[in-house]
Amino acid sequence: MAEKSFKYVIVGGGVSAGYAAREFAKQGVKPGELAIISKEAVAPYERPALSKAYLFPEGAARLPGFHVCVGSGGERQLPEWYAEKGISLILSTEIVKADLASKTLVSAAGESFKYQTLVIATGSTVLKLSDFGVQGADSKNIFYLREIDDADQLVEALKAKKNGKAVVVGGGYIGLELSAVLRLNNIEVNMVYPEPWCMPRLFTEGIAAFYEGYYKNKGVNIIKGTVAVGFDTHPNGEVKEVKLKDGRVLEADIVVVGVGARPLTTLFKGQVEEEKGGIKTDAFFKTSVPDVYAVGDVATFPLKMYNEIRRVEHVDHSRKSAEQAVKAIFASEQGKSVDEYDYLPYFYSRAFDLSWQFYGDNVGETVLFGDADPNSATHKFGQYWIKDGKIVGAFLESGSPEENKAIAKVAKVQPPATLDQLAQEGISFASKI
Ligand code: FDA
Ligand code: NAD
């Protein structure tokens, strides 16, 4: 089969790839120089939409509405945008072999692609219950959510199982966002997770108590401290019941599983240095192999502010790391340099009429402020994290754009403060920084 050759190849066609393409265009990439190779059938899109507006019962988001870069207020890059710029969008093409020594990628169909510079943007894949040997985990109507095809299957199931029953397995991002949107679809929801409160990797018990109360009021039944250990099916293979470790059995027409993700580094195992489960990079997203960069979910990079190396599985970093890598590629070609990546972690979520933002680091002592009563109409509340007498992290539910900017600033500036002071002043402390 013919071999194609490009100056630059991005492997993966998700959020990072789309934002990288925009930066390549800004930097003046020439027609024919850049290819994006993606196993998805569509041009890069804003993945966060899949667990939110894509699943709305009415007025649902659909492509081409949410191609990158609309999620950050940028231009919407339709397939024509890539064509105009002479960027090859090679879709429905899975790379199954990467040989970094000979700078060659091979697709499932046997096509070869040569590159001079490679950007790895393969993102993450879901952890599956079958990976943990859960009995019956391959029954029909058990769904995971990563790509648009997964979302389409879930949309079909929602149509087929109108007003039915769902079990949501997992109490993280997917669990919380999907439980909400299933309720909006008038599905009965049981949510199951092993921890004592939801989203423990970010939420404290105080934050979680608000969301758990709010979800309960919206009709979500939360079952904590146990896991799904098996599924029974109808004769047609569709899921019927979820068996829990504590002996309970839940009826289910639909099961949605969100038990975490794992970065897709398999193609490069043994060829590139890895750390903390990802591909190790420097502050320019350069890997241990010359001319190979890694961005987004797969990159383990220096988080300058905290003098630590970390991996971040959130959209803001996927956009910014992609831009940084492309700037660094062009600068190095011109014998110039760019500033080191100096990232302030930013995570957010939206569900029902709720919307929270978090900036910084969730370490140290905490103080909750504002109205965290799930029964209240306003429910504006937040939390600060303090380490060594300085604010290092800030969370805010239902903040205005100005207030969200203020908590971002406070997490960046790290002003000194005491717990008492913050408990009293709440958001107004951040607003005056
Ligand atoms: P991303 O997953 O976007 O793209 C990877 C691409 O590589 C995919 O197109 C994949 O098909 C392709 N690929 C993988 N292996 C390949 C191969 N071998 N050959 C060819 N192509 C290959 N974050 C946040 O901050 N706020 C939010 O609200 C949300 N919401 C959200 C919802 C859902 C449903 C998910 C799954 C994730 C989120 N996230 C999020 C996380 C955020 O979307 C995520 O961090 C970024 O999409 C990561 O961008 P990447 O480009 O690294 O991977
Ligand atoms: P997650 O890590 O947020 O949550 C996983 C949850 O699964 C944890 O709460 C854990 O308790 C639970 N769990 C683990 N094993 C379990 C088991 N056997 N049974 C029941 N529960 C179990 O992962 P996720 O929610 O699956 O999200 C997947 C990826 O998508 C992540 O990278 C995440 O960052 C991303 N995402 C982000 C957002 C956002 O930022 N708003 C939204 C959706 C998805």
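Reader: Before anything else, what does "buried" mean here, and how much of the chain is buried?

Author: A residue is called buried when its relative accessible area is under 20%, and exposed when that area is over 50%. The model in front of you is a predicted one, and its chain has 433 residues. Counted with that cut-off, the share of residues that are buried is 53%.

Reader: How many helices and strands does the chain have, and why can it be called as compact as a globular protein of its length?

Author: The secondary structure is made up of 9 helices together with 26 strands. For 433 residues the globule rule gives 22 Å, and the chain is close to that value, so it is as compact as a globular protein of that length. Its C-alpha trace, followed along the principal axes, spans about 65 × 60 × 40 Å. The value on which the comparison with the rule rests is the radius of gyration, 23 Å.

Reader: Among contacts between residues at least 6 apart in sequence, what part joins residues at least 24 apart?

Author: A contact here needs heavy atoms within 4.5 Å. If we take the contacts in the chain between residues at least 6 apart in sequence and ask which of them join residues at least 24 apart, the part is 62%.

Reader: Which residues does UniProt list for the FAD/NAD(P)-binding domain, and how far apart do the end C-alpha atoms of that span lie?

Author: The domain comes from an unreviewed UniProt entry, which lists residues 6-320 for it. Within this span, helix accounts for 20% and strand for 29%. The C-alpha atoms at its two ends are separated by 24 Å.

Reader: Where in the chain does the cis peptide bond from Leu63 to Pro64 lie, and which other residues does a cis bond join?

Author: The bond from Leu63 to Pro64 has omega near 10°, and Pro64 sits in the loop between β2 (34-37) and α2 (79-85). Cys69 also has its place in the loop between β2 and α2. There a cis bond with omega of about 15° joins Val68 and Cys69.

Reader: Is Asn307, with its positive phi, buried or exposed?

Author: Asn307 is a residue other than glycine, yet its phi is positive, near 50°. It is placed in the loop between β20 (299-303) and β21 (308-311). The cut-off for exposed is over 50%, and because Asn307 has 72% relative accessibility, it counts as exposed.

Notes: Residues are numbered from 1 along each chain as its sequence is written. Chains are lettered from A and ligands numbered from 1 in the order in which they are written. This is a predicted model: local features need pLDDT of at least 70, side-chain atom pairs count only at pLDDT 80 or more; totals for chains, interfaces and linings use all residues. Side-chain values use heavy atoms; hydrogens and water are left out. Helices (H or I, at least four residues) and strands (E, at least two) are DSSP runs, numbered from the N terminus. The radius of gyration is taken over C-alpha atoms; the globule rule is 2.2 Å times the number of residues to the power 0.38. Buried means under 20% relative accessible area, exposed over 50%, partly exposed in between (1.4 Å probe, protein chains only). UniProt positions are given in the numbering used here, feature names are shortened, and annotations may be inferred rather than shown by experiment.
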